[in-house]
Amino acid sequence: MSIRRATPSTRIVRLSLGGRPYRYQAGQAALLGVTGQPERVPYSIASSPGESAANGHLEFLLKLEPEGWGGHLRGLRRGARVTVDGPFGAFVLPARPPETQFLFVADGTGIAPLRSMI
């Protein structure tokens, strides 16, 4: 796992898939939690399925709370083990869209599923 700054209040968290496939559709989410802790919270997957397959990782865009990570991610540090449950969610592009152009509007970490789609 690696963490890099995206903005002053957000971080891109990259999780290695360890050579295992992880099938999902652009726009879906997964439940994340530090391994060994019971709480899991949903986050949209920010990487595209093709990017994940090619590079062997998932990316998530997380917002920092004023006191740091949310309570469920207190142990999150570079190299920490993170449990990923999912994918889930139906906010995905149609398999055969009749449209050829899309308008995406998002704010803050809401950009994550759109980034995956784009």
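Pro87 sits in strand S6, and the peptide bond leading into this proline from Gly86 is cis, with omega near 10°. Please keep in mind, as we go along, that this is a predicted model.

Strand S6 also takes us to the pocket. The largest pocket has a volume of about 340 Å³. Which residues come closest to its centre? Of the 14 residues in the lining, those are Leu15, Ser16, Leu17, Arg20 and Val82. Two elements each give two or more residues to that lining: strand S2, residues 10-16, and strand S6, residues 82-88. If you sort the lining by class, you get nine nonpolar, three polar and two charged residues. And how do we find a space like this in the first place? Rolling a probe the size of a water molecule over the atoms shows where empty space is left.

Now let's go from the empty space to the packed part. In soluble globular proteins, nonpolar side chains tend to be buried together. Here, the largest nonpolar core has 19 residues, and Met1, Phe60 and Leu76 have the most contacts inside it. The elements that give two or more residues to this core are S2, strand S3 (29-34) and strand S5 (57-63).

Have a look at Met1 on your screens. Leaving out residues up to four places away in sequence, Met1 touches Val13, Arg14, Leu15, Leu76, Arg77, Arg78, Gly79, Ala80 and Val82. You have met Leu15 and Val82 already, among the residues closest to the centre of the pocket.

My last stop is a pair of serines. Ser116 lies in helix H2, which covers residues 111-117. Ser47 is in the loop between strand S4 (41-44) and helix H1 (49-55). Are they buried or exposed? Ser116 counts as buried because its relative accessibility is 3%, and buried means under 20%. Ser47 is buried too, with a relative accessible area of 0%.

What links the two? A polar atom of the Ser116 side chain lies 2.9 Å from the backbone oxygen of Ser47. Not counting residues up to four places away in sequence, Ser47 touches Tyr24, Ser52, His57, Leu58, Glu59, Arg115 and Ser116. With that same kind of neighbour set aside, the contacts of Ser116 include Tyr24, Ala26, Gly27 and Ile45. So Tyr24 is a partner of both serines.

Sequence distance can fool you around here. Ser116 and Ser44 are 72 residues apart in sequence, yet 8.9 Å apart in space, C-alpha to C-alpha. Glu51 and Ser116 are 65 residues apart in sequence and also 8.9 Å apart in space, again C-alpha to C-alpha.

Glu51 itself lies in helix H1. With a relative accessible area of 22%, Glu51 is partly exposed. Beyond its neighbours up to four places away in sequence, Glu51 touches Gly56, His57, Glu59 and Arg115. Of these, His57, Glu59 and Arg115 also touch Ser47, which is a nice place to finish our tour.

Note on methods:
Residues numbered from 1 in each chain as written. Predicted model: local features only at pLDDT ≥ 70, side-chain atom pairs only at ≥ 80, totals over all residues. Heavy atoms only, no water. 1 Å grid on protein atoms, 1.4 Å probe; cavity = no way out; pocket = protein on both sides within 12 Å on 5 of 7 lines; lining within 4 Å. Points joined across faces, edges and corners; volume = space filled by probe spheres on them. Helix = DSSP H or I, 4+ residues; strand = E, 2+ residues; numbered from the N terminus. Nonpolar A, V, L, I, M, F, W, Y, C, P; charged D, E, K, R; others polar. Core = buried A, V, L, I, M, F, W, Y, C linked by side-chain atoms within 4.5 Å. Buried < 20%, exposed > 50% of the residue type's maximum accessible area, 1.4 Å probe, protein only. Contact = heavy atoms within 4.5 Å. Polar contact = N/O pair within 3.5 Å; in protein donor to acceptor, adjacent residues only side chain to side chain.
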